[in-house]
Amino acid sequence: MSLLISAVLSHGAEQLGDAIDAEILLAEALGIARDRLRLYPDQVVSTDQMAKFNRFLQARMLHQPVSQIIGHRDFWKHRFIVTPDVLDPRPDTETLVEQALGLAPKNRILDLGTGSGCIVLSLLDEWQNATGVGVDISTAALKVAKQNATNLGVTDRIELVEGDWFAPLSDQFDLIVSNPPYITAQEMQHLDADVRDWEPRIALTPEGDGLDAYRIICAQAGAYLQSSGHLAVEIGHQQGAAVAQMMSLAGFADIQIIQDLNRKDRVVIG
Ligand code: GLN
């Protein structure tokens, strides 16, 4: 008996209780674009493809995020490789990219806690004259960022450095961006299993009240920024006032709190 796309898809959607996830996983197992599934419902799914799809379904039922299962996620204008070693690039973070791009073009960008590299690599892709540095404490994450830099064709303009925030740096920048870990230790207990059990804890939370990374970044950024430079960070939606105050105490001016598409505070820039 041969299995048809339409039947395999309904089976997957039922197992997962989520039609969209089932579509994304089946399209990946078949190696075709998602819209093809609906165009060719009567196409036959081979045994190998079915085995692959079943593996994907099993992983998803164990709450592994879809991007980790298929190994990539679209962010801003490109596809980024995603593994369990990096935070899954999120649409929320596109607000940070968008705000940075609203500034006059920058030449030298620093991304603290670069992870997959999605922020700095997107900026380098938009600003063809810029160079950048991505710092991360995770060797495994930097490997993923390197692959993403290769895929975007910007390897000659990015330096990926292992280290603790500013520790490995000596030069100056005109833009510092970061999407640091900001979930509180307490919120971690109530996170979805998809995130809590599968994404790197070190990328999600600095423990405690969730603000430690901002304390370090805001206090030290000035020493690594030219006087007309900018600092732009992603924040949790209840952290706007606290982070704006840290920037202000550190001597930043023109501080703005910006909301994301869901109208939640998401970025602080100064
Ligand atoms: N900079 C990466 C991102 O925004 C990783 C951030 C992190 O791991 N906290 O996706």
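Axes are lines fitted to C-alpha atoms, for helices over the stretch in contact, and angles run from 0 to 180 degrees between N-to-C directions. Helices are DSSP runs (H or I, at least four residues), numbered from the N terminus. The model is predicted: local features need pLDDT of at least 70, side-chain atom pairs count only at pLDDT 80 or more, and totals for chains, interfaces and linings use all residues. Residues are numbered from 1 along each chain as its sequence is written.

**Exercise 1.** Determine how helix 12 and helix 13 are oriented to each other.

*Solution.* Step 1: helix 12 spans residues 212-221 and helix 13 residues 240-249; their packing angle is about 25°, and their axes lie 8 Å apart. Step 2: angles under 35 degrees count as roughly parallel, over 145 as roughly antiparallel, 65 to 115 as roughly perpendicular and the rest as oblique. Step 3: helix 12 and helix 13 are therefore roughly parallel. Step 4: Tyr214, Arg215 and Cys218 of helix 12 meet Val243, Met246 and Met247 of helix 13, where contact requires C-beta atoms, placed from the backbone, within 7 Å.

**Exercise 2.** Classify the orientation of helix 1 to helix 2.

*Solution.* Step 1: helix 1 (residues 5-16) packs on helix 2 (residues 19-30) at about 130°, with axes 8 Å apart. Step 2: that angle makes helix 1 oblique to helix 2. Step 3: the residues in contact include Val8 and Leu9 of helix 1 and Ala19 and Asp21 of helix 2.

**Exercise 3.** State how far apart the centres of domain 1 and domain 2 are.

*Solution.* Step 1: the domain assignment, automatic or from a database, gives domain 1 (3-62) and domain 2 (72-269). Step 2: taken over C-alpha atoms, their centres are 34 Å apart.

Terms used. Helices (H or I, at least four residues) and strands (E, at least two) are DSSP runs, numbered from the N terminus. Two residues are in contact if their C-beta atoms, placed from the backbone, lie within 7 Å.
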